[in-house]
Amino acid sequence: MKNIRAVAGAVALGALAAWATPATAAAFPDGEPIRIIVATGVGSGSDLTARQISAGLGKDLDTAVIVENKTGAGGVIGTDFVAKAAPDGHTLLSTYAQHYTNQLVQKTPYDAVQDFEPIARVANSALVISVATGSPYKTLKDVIEAAKKQPGMITYGSSGNGTTSHLAAALFEYMAGVKLNHVPYKAPGQVALDAAAGQIDLSFNGMSSALPLIKGGRLRPLAVTTAQRSQSLPDVPTVAELGYPGYEAASPIWIFAPRGTPAAIVARLSEAVVRQAQSQGFKDLCLNQGLEVDTQTAAVAKAAGPGELEKWRKLMSVAGAKAE
């Protein structure tokens, strides 16, 4: 009799849990604030887009949305923080393609695909190759000619080993047949500042970090890394246009939640985030920061995740990029 009661009790508890989980998810948000963790520094594309989205998202969900930067190790610190957070929709991650590339060049405490639930893809960020305005290199051709004469002498800055900027530069070296001297940084903004000051010869930078210095006359853009010209720098050619057809290296920007976040919460957040990413305010931000609006729902981004990881793996193989 006791066994029958125990079984009945377990069934009842199981049924209650099965009923309670969707109900809890359906009640989201529950008044608790939502934190968007940005794995890169203030002023980066993933930071600016997260802050733009957060204002409208808070109104949409009728709850406080806080943006917090947790930087370090090329984005691994902030990403790992979110991977270990409670999967309740209250802790999200805003990040670049480094989300996928980091584990290809270092041992990460998480799996980029298995340990996260995509909420949405919101934008795409071009990189811009630039030099100080006083640099002797007036064109990308000048850089290539100098690099061929003195292999390894021209320095370039990236946001760190395995980041999009590092891979974009490695692919450029491979296709142009040159050898540059890689200087990895912890913050993309510092790459642009040091390039403008002449501390490094060349920078491969996200548009949002470089554009203010370009507009301020401190950096000279030589090329953009996307397949098409940037709407923010329409007069600047693509690398492909300059004699390297097929060259393309750009970084999407995503919002992720920890693995195990209930499907109903993911769907609620995805709908709200995509709506904000399609707003006029977000479009204006992208235009001013050199980003392109590029939205995907949670379902589409989740299906594309394994392919995204494989895309960067192949790029690393082709470019010969590796941990340094």
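Visitor: Which residues of strand 3 are buried on one side, and which on the other?

Guide: In a regular strand, the side chains alternate between the two faces of the sheet. In strand 3, Thr 91, Leu 93 and Thr 95 are buried on one side, and Leu 92 and Ser 94 are buried on the other, so that both faces are covered. Buried denotes a relative accessible area under 20%, exposed one over 50%, and partly exposed the range in between, with a 1.4 Å probe and protein chains only. Strands (E, at least two residues) and helices (H or I, at least four residues) are DSSP runs, numbered from the N terminus. Because five of its five residues are buried, strand 3 is largely enclosed by the rest of the structure.

Visitor: On what basis should such statements be read?

Guide: The model is predicted: local features need pLDDT of at least 70 and side-chain atom pairs count only at pLDDT 80 or more, while totals for chains, interfaces and linings use all residues. Residues are numbered from 1 along each chain as its sequence is written, and side-chain values use heavy atoms, with hydrogens and water left out.

Visitor: In what order do the six strands of the open sheet stand?

Guide: Two strands pair if DSSP finds at least two bridges between them. Here the order is 2-1-3-10-4-11, and the pairing is mixed. Strand 2 (65-69) and strand 11 (291-296) are the edge strands, each pairing on one side only. From one strand to the next, the twist averages 25°; angles run from 0 to 180 degrees between N-to-C directions, and axes are lines fitted to C-alpha atoms, for helices over the stretch in contact.

Visitor: In which sense do strand 3 and strand 10 pair?

Guide: Strand 3 (residues 91-95) and strand 10 (residues 251-258) are antiparallel, with three bridges. Ser 94 has Ile 255 as its bridge partner in strand 10, and Leu 93 stands opposite Phe 256 of that strand. Strand 1 and strand 3, by contrast, run parallel and are joined by four bridges; Val 38 stands opposite Ser 94.

Visitor: Which helix lies across strand 1, strand 3, strand 4, strand 10 and strand 11?

Guide: That is helix 9 (residues 263-277), which runs at about 10° to strand 4. The basis is contact, meaning heavy atoms within 4.5 Å.

Visitor: Is Gln 296 of strand 11 buried or exposed?

Guide: Gln 296 is placed in strand 11. With a relative accessible area of 18%, Gln 296 is buried. Not counting residues up to four places away in sequence, Gln 296 touches Ala 120, Arg 121, Val 274, Ala 301 and Ala 304.

Visitor: What is the order of the five strands in the other open sheet?

Guide: The order is 7-6-8-5-9, with mixed pairing. Strand 7 (181-184) and strand 9 (219-224) each have a single partner strand, so one side of each is left without a neighbour in the sheet. Direction ignored, neighbouring strands are turned by 30° against each other on average. Strand 6 (residues 155-158) and strand 7 pair in the parallel sense over four bridges, and Ser 158 has Pro 184 as its bridge partner in strand 7. Helix 8 (residues 207-215) packs on this sheet, touching strand 5, strand 8 and strand 9, and its direction makes about 120° with that of strand 8.

Visitor: How many cavities of 30 Å³ or more are counted?

Guide: Rolling a probe the size of a water molecule over the atoms shows where empty space is left. On a 1 Å grid over the protein atoms alone, a cavity is a set of points where a 1.4 Å probe fits but cannot get out, and lining residues have an atom within 4 Å of a point. Grid points are joined across faces, edges and corners, and a volume is the space filled by probe spheres set on the points. The count is one cavity of 30 Å³ or more, and the volume of the largest cavity is about 230 Å³. Of its 23 lining residues, Thr 40, Tyr 96, Gln 98, Ser 159 and Pro 188 are the closest to the centre. Helix 6 (164-176), strand 8 and helix 8 are the elements giving two or more residues to this lining.

Visitor: Is Thr 163 buried or exposed?

Guide: Thr 163 counts as buried, at 2% relative accessibility. Thr 163 lies in the loop between strand 6 and helix 6. Leaving aside neighbours within four places in sequence, Thr 163 is in contact with Gln 98, Thr 101 and Ser 158.

Conventions: 1 Å grid on protein atoms, 1.4 Å probe; cavity = no way out; pocket = protein on both sides within 12 Å on 5 of 7 lines; lining within 4 Å.
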